[in-house]
Amino acid sequence: MIGYLTGKIISKKPTQVLLDVNGVGYIINISINTFDKLSEEKEIASLYTYLNVKEDSLDLYGFDTPPEKEMFEMLISVNGVGPKSALSFLSGIQLDELKEAIKTGNLGRIIAVPGIGKKTGERLLIELRDKVDSIAEAVSSDSSLPNFNVRSDAVAALVSLGYNAKQAEKAAKIVMDSNPSVSIEELIKLSLAMLNK
């Protein structure tokens with residue numbers, strides 16, 4: 001089992017990175033959150049990995065932190081959630097916010113992720129509600145929980161206005177990174193301005 005890789009980034013795109021590890025090129029599927037972290041780094045990347053074995057393929061999935069990998073493994077343990085759906089989750093929602101949505105049974109936030117229907121969302125909430133607490137708390141120490149609720153509500157409002165969930169999440173994150181104590185009204189207004197550029 002390949003559990004961790006460090007190597008030179010040959011190429012990267014939001015869903016995939018090609019890593020040269022001692023002359024061997026590994027194609028690793030990644031979430032947008034992991035891609036954002038790779039964008040800040042120079043040429044070398046270190047990723048925790050999960051090897052998905054199927055009859056006709058071996059696919060590597062890479063994660064910036066162990067908690068992100070743990071969440072991925074929990075998500076794929078749910079019937080109806082495959083590796084690609086799990087990556088959609090990790091791309092569409094910040095990890096702490098996903099944990100909170102599962103713990104509080106926020107089905108609306110779960111099914112806002114592309115490719116997740118109501119039945120799968122309900123099954124996921126039932127199966128994972130008591131398990132997500134085991135994922136390490138040190139996921140993202142730069143945000144407190146109330147901020148996640150503000151951002152979650154703002155993203156839900158933007159999605160209800162017809163905006164793409166990923167783009168709404170990204171806009172809200174950018175606004176909150178520059179002004180962590182922003183009110184929900186101001187967050188929606190600034191995110192709308194960013195989305196309408």
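The exercises below, each with a worked solution, concern a predicted model.

**Exercise 1.** Determine which strands pair with β1, and in which sense they run.

*Solution.* Begin with strand β1, which covers residues 4-13, and compare it with strand β4, residues 44-53: the two pair in the antiparallel sense over five bridges. One position to look up in the structure is G7, whose bridge partner in β4 is A45. Next, turn to strand β2, residues 16-21, which also runs antiparallel to β1 and is joined to it by five bridges. Here K13 has Q16 in β2 as its bridge partner, and a hairpin of two residues leads from β1 to β2.

**Exercise 2.** Decide whether I184 is buried, partly exposed or exposed, and find the residues that I184 touches.

*Solution.* First locate I184 in helix α9, which spans residues 184-195. Its relative accessible area is 26%, and because this value lies between the limits of 20% and 50%, I184 counts as partly exposed. Then, leaving aside residues up to four places away in sequence, I184 touches V150, D153 and A154. As for S152, its C-alpha lies 9.6 Å from that of I184, although the two are 32 residues apart in sequence.

**Exercise 3.** Describe how helices α8 and α9 cross.

*Solution.* The axes of α8 (residues 165-178) and α9 come within 9 Å and cross at roughly 120°. Since an angle over 115 but not over 145 degrees counts as oblique, the two helices are therefore oblique to each other. The crossing of α8 and α9 is right-handed. Finally, consider the contact residues of α8 and α9, which divide into 10 nonpolar, two polar and no charged.

Notes
Residues numbered from 1 in each chain as written. Predicted model: local features only at pLDDT ≥ 70, side-chain atom pairs only at ≥ 80, totals over all residues. Heavy atoms only, no water. Pairing = 2+ DSSP bridges. Helix = DSSP H or I, 4+ residues; strand = E, 2+ residues; numbered from the N terminus. Buried < 20%, exposed > 50% of the residue type's maximum accessible area, 1.4 Å probe, protein only. Contact = heavy atoms within 4.5 Å. Axes fitted to C-alpha atoms, helices over the stretch in contact; angles between N-to-C directions. Parallel < 35°, antiparallel > 145°, perpendicular 65-115°, else oblique. Left-handed = near helix turned anticlockwise from the far one by under 90°. Nonpolar A, V, L, I, M, F, W, Y, C, P; charged D, E, K, R; others polar.
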